[in-house]
Each structure stands twice: as C-alpha cells, then as structure tokens.
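Q: I'd like a close look at one part of this protein, with the packing explained step by step. Could you walk me through it?

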Amino acid sequence: MSNHSGSYMLNAVLELLEQEQVFAMLGKEETVHLIQKIIGLSFEYDCNPGEILENIGERFGICYCCAKAAPELKDGLCEKCYF
C-alpha cells in the first residue's frame, strides 16, 4: 500500500518551495538533483513518485515514473517510460 498522504505532503512542500522561489535560487540542475534526492528518500516511507511530482514534475522536466531528468516529457513520462 502506498503512503498517499506522505506523497501529497511532499508535493505540497515542493509547490511551496517553488512559490518561495527556492528553486530559482538553486538553478535548474540543482533543483532536479534535490527533487531526485527527495524522491529517493520517499521510497523508504512508501511514497509514490507520481503523486509527489503531480503538477510539478513536468515543469522541472522530471519523469514521474523513473524520476530521471528528461528534455521532453509526454504526459509526465520520459520517452523510455512512455513506451
């Protein structure tokens, strides 16, 4: 079973960090790296990367399935995960 509330809480934290322009200060590469680290930690708590990245993954170019950076996403998925 997935920890949905934990996933959505992390999504809200990412949204808050974006609103407060923390990611603008970090820059794109460091932002992607930080989000990937957060997703990595979330697996220990049975969270769902799709829920964590909902409405934010595409803005930062991170696939919600594999959590890898991708130059282009289709419906939130990189080319490898989409097909």
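Which residues touch the most other members of the largest nonpolar core?

A: Happy to take you through it, keeping in mind that this is a predicted model. In the largest nonpolar core, which has 14 residues, Leu14 and Ile35 touch the most other members. Two elements, α1 and α3, each give two or more residues to this core, and α3 gives the most, with four.

Let's start with Ile35. Leaving aside residues up to four places away in sequence, Ile35 touches Leu14, Phe23, Leu53, Phe60 and Ile62. Leu14 is thus one of the contacts of Ile35, and Leu14 is also among the buried residues of α1.

That brings us to helix α1 itself. Helix α1 covers residues 4-19, 16 residues in total, and spans 22 Å from its first C-alpha to its last, close to the 22 Å expected at 1.5 Å a residue. Along with Leu14, the buried residues of α1 are Gly6, Ser7, Leu10 and Asn11. Viewed down the axis of α1, these buried residues fall within an arc of 140°, so they line one face of the helix. In general, an α-helix has 3.6 residues a turn, so residues three or four places apart point the same way. The buried residues of α1 pack against α2 (22-26), α3 (28-42) and α4 (49-52). On the other side of α1, Ser5 and Gln19 are exposed. After the helix comes Gln21, with a positive phi near 65°.

Technical notes:
Residues numbered from 1 in each chain as written. Predicted model: local features only at pLDDT ≥ 70, side-chain atom pairs only at ≥ 80, totals over all residues. Heavy atoms only, no water. Expected span 1.5 Å × (residues − 1). Buried < 20%, exposed > 50% of the residue type's maximum accessible area, 1.4 Å probe, protein only. Arc of directions from axis to C-beta. Contact = heavy atoms within 4.5 Å. Core = buried A, V, L, I, M, F, W, Y, C linked by side-chain atoms within 4.5 Å.
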